[in-house]
Structures are given as C-alpha cells and as structure tokens.
Amino acid sequence: MERDSIIAASQKHDIAALPDGKLYTYGTAGFRMAADLLDGITFRVGLLSALRSRKLNGQAIGVMITASHNPAKDNGVKIVDPMGDMLEQEWEVYATQLVNCATHEAVADTFFQLAEQLKVDLKAGAKVIAGRDTRPSGITLLQALSDACSATQTSFVDYKVLTTPQLHYLTRCVNTEGTPSSYGEVSEAGYYKKINSAWERAMKNKKASGALTVDCANGVGGPKLKELLKLMDPSKTGLECKVVNDDVLKPEVLNLDCGADFVKTRQRAPPNPKPQPGGRWCSLDGDADRLIYYWIDPETTQFFMFDGDRIATLAASFIADLFRTAGLDGELRIGVVQTAYANGASTKYVEQHLQLPVVCTPTGVKHLHHAACAFDIGVYFEANGHGTVLFSTDAVQTFEKKQPQSPAQKEALDTLRALADLINQTVGDAISDMLMVEVILAHKGWGLRDWAMTYQDLPNRLVRVEVGNKDLFQTTDAERKLSQPAGCQDEIDQCVKKYTNARSFARASGTENACRVYAEAATRSEADDLANKVAHIVKTYGGA
Ligand code: G16
C-alpha cells in the first residue's frame, strides 16, 4: 500500500475546516451534516473501514450513506461492524482522528500510524460493502468511498439504494455465509425472502384485520416495502398494505411533513394523505429504521400515537405471554431497554404491570443494543420508534430444544422461532418491526383501541432548541441530567418542581446542530409550559 496513492486519492476529496478549531465528531449516527461537507469525510471513513476490516481478519465492514430523518439537503455516513451492529465505540475515536487531519499528507500518515498502533496487517485482504438511501448526494459520496477502497486495495461492493437495516442485514449475511450461524442469503432478494417466510410462519392460522396504510416519508422505505409486498400474499394472512408518501423522485419531499419523526415530534398524523378515523396507520422514517403507529378514534376523533415505548411494551408483553404458554417461564430473562425519552408511564407499565426489568441508556441505538444483549430476550426501543428485539443464542437454542407438551405449547414455540427470524437481529428495522406489530395484534385479536388502552401516556413535549454552541451541554446519568454548563441543571430542577408528576431534561443532539428538550407532566398544558420554560433556560446557557 503506497502512501503516495492514498495522498493522491485524498486530494480528490477535500474537507472544509470547521470554524473556531471545532472538530467533526463521530456522533449518534456517524458523521451527519449538510451533504456538501461530506465528500472528504466519506473518503476518510472509507480508509478507516479498510483498516477495520483488516483488523477483523478481512471480514466485511458495512458503510451506510444516509441522513435518515434529517432534511433532504443533509447526508451522513456511518460504519457497520461485521455482525451488523454499530461500529465499536473505541473506533469512533479513530474515525474522528482520521477525519480531522488538516492535510492530505496527514491523512495518509494517520492511516499508517493507526495501522501500527492497532497492529493491523496491511498486507491482509479487506472488504467494504456499502449502501445509500435515496438522497441524490449519496451517489458522489459512494464514489469517495470507492476511491478510498481502491487506494487501500480493499475489495468494494456497492449495493446501491437500500434501507439502513438492509445494509446491516447484508453485512451480517456476508460475514456468516456458509457457516452454521448463516444469517441469510447475501442479497436484497434474500432479505425479502427471509422476512416473508418468517411472517407467514408467525401468522399461521391467524388473520390480520383490515388494511394498514404505511407512510414511507418519501424515502427508501417506499420502494423497498413495495418489493416485499410483491412476495406477500394477503389471502394467506389477511394483511392488506397500502403504501403512501413513496415519492422518491422529488428529493425535496423526503421527510417533508410526513414520516416517523414528523409524527413523533408533532404528535399528529401527516397532513397528506389524511388518515381516516378508525384506520390503522404507521409511518417509517427516511431510511426505514424507525416506526410509529397511529390511529384516530372514530368516536372522539382523538389522535393516538403508538411510539417506540408502545411497540416495546407490546412486544415484551407478547413474548412474556408466549414464554408462559410454552412453559419457558423462569428459564429465560426478558428485559426492556429505554432512554430518558421513554414516557414515564411506559416505564411504570413494564416494571409494575409486566413485572420486567427496565434499563435506561443514553440515546443512540448502539447503547441500547449493547444493554439489550445482557438479556436472553432484550427488547430495546427509543421513543422515536427506533428499536428491535434481540434473541440470544441461548434463547434460540432453548426454543429449538424444548419438546412441546400440548398443541398450545407447540404454537407458542413455533411463533417464538418465527419471530426470531422475522425481527431484524442486527438493528432496528421499521419494515420488520411493522410486521412484528401486525403479528402481535393478530395473535391477540386486538385493534388499535385495545393497544391504546394498555396504559395512558403522560402528556409530553419534545422541543428542538437552536443554541450558539451545543457542545457546551454535557450530560450524566444516562442523559437525565446536565453536568455542564454549570448552573443550568439547577435551574431546570427548580423549574420542574413547580409542576405535577413532572420530569424534564436537555441534551445536545448527535445528529443535528441543536439541543433537544424533553418534558412530561400530569397535564398537556403543564408539559407544554415546562418544555418551553426549560427550552428558554437552555437557550440562555447555550452561548451567543
Ligand atoms: C439516529 C440514531 C438514534 C437517535 C436519533 C436522534 O437516528 O440512530 O439512535 O435516537 O438519531 O439522535 P439525536 O437526538 O442525538 O439527534 P436516525 O433515525 O436519525 O438514524
């Protein structure tokens, strides 16, 4: 590998220095910003992926180019580890280091220094696979990645347009192909086949009731869901799926007044198409890794949102029921992982009603995923609808070994096995999560009214606050408190005390140039008022 060829390739992919000596950092979802700043960053991420692959004995590393729920003008790049999980945290530091090199020469030197420091054999083979969402800027960013792979003699496969979870799936498939833990066929078609077969097994003898309308945020989820629907046979399972907001030809409409982030933050349905009262609706986000359901009560016209907390509680309660029926109660541990954004009522419901343990982690699926691995069945969801259910190897083996003593036990075991295949084990996947929700509703014979009645959310509000310098805000206690700037948390605490059953926290976003404030309280007006007051405090402390 030649220093000169890395420098020459790097020269084609410049980076703009940030003002005031600020650094680009590998955040909640990799590097994410205005797309025109990302060319050089993506090149350098390619270099790091080439190192990571060599460090891991040539296993394929995934790189996803997406800015998910962010506006169309943004883009992002993140690294996926061989088993489909997020990049190991220690390596985020190396990514930040490589990306912030001041010159092209420094890029090459840092590359070789990292190789030495991390004992990477540069003569070994390496592989990177990549995918992108529907943003047009993704095409040139893919080229930057490809150039980094050529300059480091790394084999590169471009899977073109994919949902984020599909790229995670493919990464795991490539690395497990031909082994006893093979995760599936290494192709997009293999993904659809695996999901559809698991869906049909999970729905055996059950029927979904009525149609489901899916808002795809005008993102990649639209065309991909339509591919899956070509395989799905509504006459077998009763599920009629209608796809809306699936225009991927007009980049500017991506995530615009639609999608999971819109529904969650505005706490209302997208204006178009207008949901029919009583109908079952859900929204995906721009790269199809988040899912939110909603429903309008035909009697009161009240809007009900089923966010990540609701999906987690539904999944945990169903799996716990299946365990009881299958006679596995007590053998395997189920736990729920949430973040500070989880509605207090959902936490109480899991702990007190379902009698299951809850763990709270900082925002970012990498944190939740890690915590969920500590359980035999780890249900993790962020309130924004990003999450999945992890089945440990032990759990899967227990389902396989268990001899059913009755037809009911057999059905429960079959359903558990099917769910383990249906639910994407690598990362939150809106399409697979949506089918999981449909399976559960069909098994329980529930409509959305029944689901809405499980517990009552505390009124809450999420506010985005633009500040002079978001980096001033440092958190502790799984982001439930600010450690910096000094004095800010005290003011928030004083404010929260004035409201009933209230809670509020602030943190810097890892994907946007802003802070987020969350507040919940006993009544709608108290939650709104508290959120505005705390947002004001944050603004005051946030620098000019
Ligand atoms: C990403 C992360 C999520 C996180 C979200 C918002 O989601 O993967 O874990 O909750 O950003 O993060 P923040 O509040 O730090 O901006 P996505 O769907 O945008 O990739």
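How many helices and how many strands are there in the protein chain? In this predicted model, the protein chain holds 19 helices and 19 strands.

**Overall form**

The C-alpha trace of the protein chain spans about 65 × 60 × 45 Å along its principal axes. A compact globule of 544 residues would have a radius of gyration near 24 Å, and because the protein chain has 23 Å, its value agrees with that expectation. Of the 544 residues, 53% count as buried, and among the contacts with a separation of 6 or more, 73% are made by residues 24 or more positions apart.

**Nonpolar cores**

In soluble globular proteins, nonpolar side chains tend to be buried together. The largest nonpolar core here has 138 residues, and those with the most contacts inside it are Val-63, Ala-315, Val-379 and Leu-422. Helix H11 (residues 308-326) supplies the largest share of this core, namely 10 residues. Leaving aside residues up to four places away in sequence, Ala-315 touches Val-379, Val-389, Met-436 and Ile-440. Apart from this core lies another, of 29 residues, which includes Leu-458, Val-467, Tyr-499 and Val-517.

| Core | Residues in the core | Named members |
|---|---|---|
| Largest nonpolar core | 138 residues | Val-63, Ala-315, Val-379 and Leu-422, those with the most contacts inside it |
| Another core | 29 residues | among them Leu-458, Val-467, Tyr-499 and Val-517 |

**Helix H15**

Helix H15 (residues 407-422) has 16 residues and reaches 22 Å from its first C-alpha to its last, close to the 22 Å expected at 1.5 Å a residue. Buried residues in H15 include Ala-412, Leu-413, Leu-416, Leu-419 and Ala-420, together with the polar-named positions Thr-415 and Asp-421. Leu-422, also buried in H15, is one of the residues with the most contacts inside the largest nonpolar core. The buried residues of H15 are covered by elements that include helix H7 (188-202), H11, strand S14 (387-391), helix H14 (393-401) and helix H16 (430-444).

**A three-stranded sheet**

Strands of a sheet pair through backbone hydrogen bonds, either parallel or antiparallel. One open sheet of three strands has the order S15-S19-S18, with antiparallel pairing. Its edge strands, each pairing on one side only, are strand S15 (460-465) and strand S18 (503-508), and the twist averages 15° from one strand to the next. S15 and strand S19 (residues 515-520) run antiparallel and are joined by six bridges; within this pairing, Arg-461 has Ala-519 in S19 as its bridge partner.

How values were computed: Residues are numbered from 1 along each chain as its sequence is written. This is a predicted model: local features need pLDDT of at least 70, side-chain atom pairs count only at pLDDT 80 or more; totals for chains, interfaces and linings use all residues. Helices (H or I, at least four residues) and strands (E, at least two) are DSSP runs, numbered from the N terminus. The radius of gyration is taken over C-alpha atoms; the globule rule is 2.2 Å times the number of residues to the power 0.38. A residue is buried if 20 or more other C-beta atoms lie within 10 Å of its own, exposed if 12 or fewer, and partly exposed in between; C-beta atoms are placed from the backbone. Two residues are in contact if their C-beta atoms, placed from the backbone, lie within 7 Å. A nonpolar core is a set of buried Ala, Val, Leu, Ile, Met, Phe, Trp, Tyr and Cys residues joined through C-beta atoms within 7 Å. Two strands pair if DSSP finds at least two bridges between them. Axes are lines fitted to C-alpha atoms, for helices over the stretch in contact, and angles run from 0 to 180 degrees between N-to-C directions. The expected span of a helix is 1.5 Å times one less than its number of residues.
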